[in-house]
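Q: Please take a close look at the pairings between side chains that bring separate parts of this chain together. I would like one connected account, with the cut-offs behind each term.

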Amino acid sequence: MNTCLEFDQIIEARKTTTTIEALNLFDHLDIVDLDFMIGRWKGSSFSTKHKLDGSLEAFNWYGKEFIDANNVHPLLFSDMQGEIFKVDPGKIPLGKVIDFPIPKNEFVKPLFLSLKWILATDESKARIRMMEHRGKVSATMIYDDLPINDIFRKVDENTLLGLMDLKGIKQPFFFVLKRS
């Protein structure tokens, strides 16, 4: 199986895949270590018909930033001027976001960005550790205040496939990170 080719075909076609296909792809990708994660990463969806598909982009999601193993900014967003700001995920009512269908249109972005002063933080809100998931030990981001682990697998030297494992949600949420 040429997982990089398969991944590229899905991304280029902007096609939706099934959760089973995404898990199969994820399982065939290489693990990543903590040092590989250091830096700023631009995020995008990897569509599997999950309730959260497209939600982060609707809010102008930028990605994630890994300073070191103990200091991670799990949610970066871009404001209307293109400035990147860090969001405290503990201030987002995640249960409501998952249960309530979020409109994925241009009207959501200004509303969310108007709350920047409430949501923004300079503090680290996660850490990374090597953890086992689906039979492989790979870099995993652990949120400080939420029951979420993001597990990462390597597509190539500048691309990761992430799997968000949220306690209480059966279907994992997939996303892509590109080194910026």
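A: **Pairings across the chain**

Among the contacts (heavy atoms within 4.5 Å) between residues at least 6 apart in sequence, 59% join residues that are at least 24 apart. The model is a predicted one, in which local features need pLDDT of at least 70 and side-chain atom pairs count only at pLDDT 80 or more, while totals for chains, interfaces and linings use all residues. Residues are numbered from 1 along each chain as its sequence is written, and side-chain values use heavy atoms, with hydrogens and water left out.

The protein has 7 helices and 10 strands, taken as DSSP runs (helices H or I of at least four residues, strands E of at least two, numbered from the N terminus). Of its 180 residues, 47% are buried, a word that stands for under 20% relative accessible area, with exposed meaning over 50% and partly exposed in between (1.4 Å probe, protein chains only).

The charged pairs come first. There are 7 salt bridges, each defined as a side-chain nitrogen of Lys or Arg within 4 Å of a carboxyl oxygen of Asp or Glu. In one of them, the side chains of Arg 40 and Glu 65 meet with an N to O distance of 3.5 Å; Arg 40 belongs to strand E2 (residues 39–45) and Glu 65 to strand E3 (residues 61–68), so that the pair links distant parts of the chain, 25 residues apart. The two partners are covered to unlike degrees, since Arg 40 counts as partly exposed at 30% relative accessibility, whereas Glu 65 counts as buried at 14%.

Another salt bridge joins the side chains of Asp 79 and Lys 116 at 3.0 Å, N to O, and this pair also links distant parts, with Asp 79 in the loop between strand E4 (71–78) and strand E5 (84–86), Lys 116 in helix H7 (residues 116–119), and their positions 37 residues apart. Asp 79 is buried because its relative accessible area is 9%, while Lys 116, at 27%, is partly exposed.

Asp 88 and Lys 125 also meet in a salt bridge, at 3.6 Å from N to O. Because Asp 88 lies in the loop between E5 and helix H5 (94–99) and Lys 125 in the loop between H7 and strand E6 (126–133), this pair ties together parts that are 37 residues apart in sequence. Here Asp 88 is buried at 8% and Lys 125 is buried at 12%. With Glu 123, these two residues are linked in a network of salt bridges.

Leu 119 extends the view of this region. Leu 119 lies in helix H7 and counts as buried at 6% relative accessibility. Its C-alpha atom is separated by 5.3 Å from that of Val 87, although the two residues are 32 apart along the chain. Leaving aside neighbours within four places in sequence, Leu 119 is in contact with Lys 86, Val 87, Asp 88, Lys 91, Ile 92 and Phe 112, a list that includes Asp 88 of the salt-bridge network.

The nonpolar pairings follow. In soluble globular proteins, nonpolar side chains tend to be buried together. The largest nonpolar core (buried Ala, Val, Leu, Ile, Met, Phe, Trp, Tyr and Cys residues joined through side-chain atoms within 4.5 Å) has 33 residues, of which Phe 66 and Phe 152 touch the most other members. Apart from it lies another core, of 12 residues, including Ala 22, Phe 26, Ile 151 and Leu 163.

The structure also holds 10 aromatic pairs, in which rings of Phe, Tyr and Trp (its six-membered ring) have centres within 6.5 Å, and planes under 30 degrees apart count as stacked, over 60 as edge-to-face and the rest as tilted. Phe 66 and Phe 152 form one that is edge-to-face, 5.7 Å from centre to centre with 90° between the planes. Since Phe 66 lies in strand E3 and Phe 152 in strand E8 (residues 148–156), the pair ties together parts that are 86 residues apart in sequence. Phe 66 is buried, at 1% relative accessible area, and Phe 152 is buried at 0%. Both rings belong to a cluster in which ring pairs link Trp 61, Phe 66, Phe 152, Phe 173 and Phe 175.
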